[in-house]
Amino acid sequence: MTLVVSDISKHGVVMVGDSAVTKKRGGTVVDVVAGAVKVQYCPSANIGISMWGYGQVNGVHLDKWVFDFLQGSVTPTDTVESVGNRLAKQINEKHTPTGKPWSELVCGFHLGGYVSGLPHLYHVHCGHQGEPSHELRLYKDFPDGQHWDDAQFRFALENAFCHLRNGYHPLFGPLFDNIMKYAQQLKAHLSITFPQDNIEGRLLFYKELVKFVAGVLAASGIHRGVNDTLSAIAFDKNGIVFDEQLPFAPAKPFATGVLDYYTN
């Protein structure tokens with residue numbers, strides 16, 4: 001599994017992800033290793049991307065494929081929408097000839113960037129929960145998918161948490177909801193603002209939540225598909241503010257007999 005969370009607010013875009021890779025053979029987990037760079041930043045277009053799901057493209061590790069895509073296919077004139085559509089198109093072109101059903105190729109990408117001076121958060125994925133898996137498509141979740149007008153969107157950026165989460169989201173969801181109640185108690189009884197009202201606070205907040213989920217898995221003796229070695233970025237309309245992307249390890253070939261790698 002994995003856990004990636006991407007957030008937009010008046011402060012900018014924050015993306016956090018663990019680095020666990022699950023290796024499966026015939027649907028059975030055979031190993032979990034660290035090292036995936038699931039959160040990456042493209043300075044030329046001021047766009048961030050995080051990833052989850054099926055972990056290879058045409059024999060290349062997904063994170064390395066994305067890195068090469070950002071370096072070679074994205075220009076300063078690109079938008080979040082154009083990058084998302086191109087990403088989906090190129091991966092679809094690689095996956096379709098394999099003959100595998102899309103149910104075995106499910107993956108997704110959060111894309112954050114600026115549109116008309118405001119942060120937007122989109123999602124490229126293979127279908128919503130409850131619908132049959134299909135080829136990758138771009139969904140413009142925030143703000144378009146919420147059907148907000150400009151005033152509603154600006155209010156949400158000022159006052160709410162607009163985020164996407166994938167991977168171990170059944171564990172993350174209840175944690176987030178209860179942390180919100182805890183934050184209200186801190187504010188009411190101790191005058192503590194949690195998280196602090198800036199981009200650094202937002203980044204630290206999500207890092208702690210992802211690490212907490214990793215700790216829950218360890219303490220509960222559950223498959224440790226989320227680890228606490230994180231890749232993270234925070235940026236605003238002027239560019240990167242906090243760059244905590246993990247370095248790429250030396251390339252290694254896929255292990256013999258292990259057919260499927262997953263970052264979900």
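A residue is called buried here when its relative accessible area is under 20%. With that cut-off in hand, the predicted model can be walked through from its first strand onward.

Strand β1, spanning residues 3-9, has seven of its seven residues buried, so the strand is largely enclosed by the rest of the structure. In a regular strand, side chains alternate between the two faces of the sheet. Both faces of β1 turn out to be covered. On one side sit Leu 3, Val 5, Asp 7 and Ser 9, and on the other Val 4, Ser 6 and Ile 8, all of them buried.

The pairing partners of β1 help to fill in this picture. Strand β12 (residues 162-167) runs antiparallel to β1 and is joined to it by six bridges. Within this pairing, Asp 7 of β1 stands opposite His 163 of β12. Strand β2 (residues 12-17) also pairs with β1 in the antiparallel sense, again over six bridges. Here Val 5 is found opposite Val 16. The link from β1 to β2 is a hairpin, with two residues between the strands.

A further part of the model is an open sheet of five strands. Their order is β5-β6-β9-β10-β11, and the pairing is antiparallel. The edges are taken by β5 (39-42) and β11, each of which has a single partner strand, so one side of each is left without a neighbour in the sheet. From one strand to the next, the twist averages 25 degrees. Inside this sheet, β9 (residues 107-115) and β10 are antiparallel and share eight bridges. Leu 111 of β9 faces its opposite number, Tyr 122, in β10.

The loop between β10 (118-125) and β11 (137-142) holds a residue worth a visit, His 134. Is this histidine buried or exposed? Its relative accessibility is 8%, and because buried means under 20%, His 134 counts as buried. Two polar contacts involve its side chain. One, of 3.4 Å, joins His 134 to the side chain of Arg 137, while the other, of 3.2 Å, joins His 134 to the side chain of Tyr 139. Once neighbours within four places in sequence are set aside, His 134 is in contact with Trp 102, His 125, Cys 126, Gly 127 and Tyr 139. Tyr 139 therefore appears both in this list of contacts, where contact means heavy atoms within 4.5 Å, and as a polar partner of the His 134 side chain.

How values were computed: Residues are numbered from 1 along each chain as its sequence is written. This is a predicted model: local features need pLDDT of at least 70, side-chain atom pairs count only at pLDDT 80 or more; totals for chains, interfaces and linings use all residues. Side-chain values use heavy atoms; hydrogens and water are left out. Buried means under 20% relative accessible area, exposed over 50%, partly exposed in between (1.4 Å probe, protein chains only). Helices (H or I, at least four residues) and strands (E, at least two) are DSSP runs, numbered from the N terminus. Two strands pair if DSSP finds at least two bridges between them. A polar contact is a pair of N or O atoms within 3.5 Å; within protein, one must be able to donate a hydrogen and the other to accept it, and residues adjacent in sequence count only if both atoms are side-chain atoms. Axes are lines fitted to C-alpha atoms, for helices over the stretch in contact, and angles run from 0 to 180 degrees between N-to-C directions.
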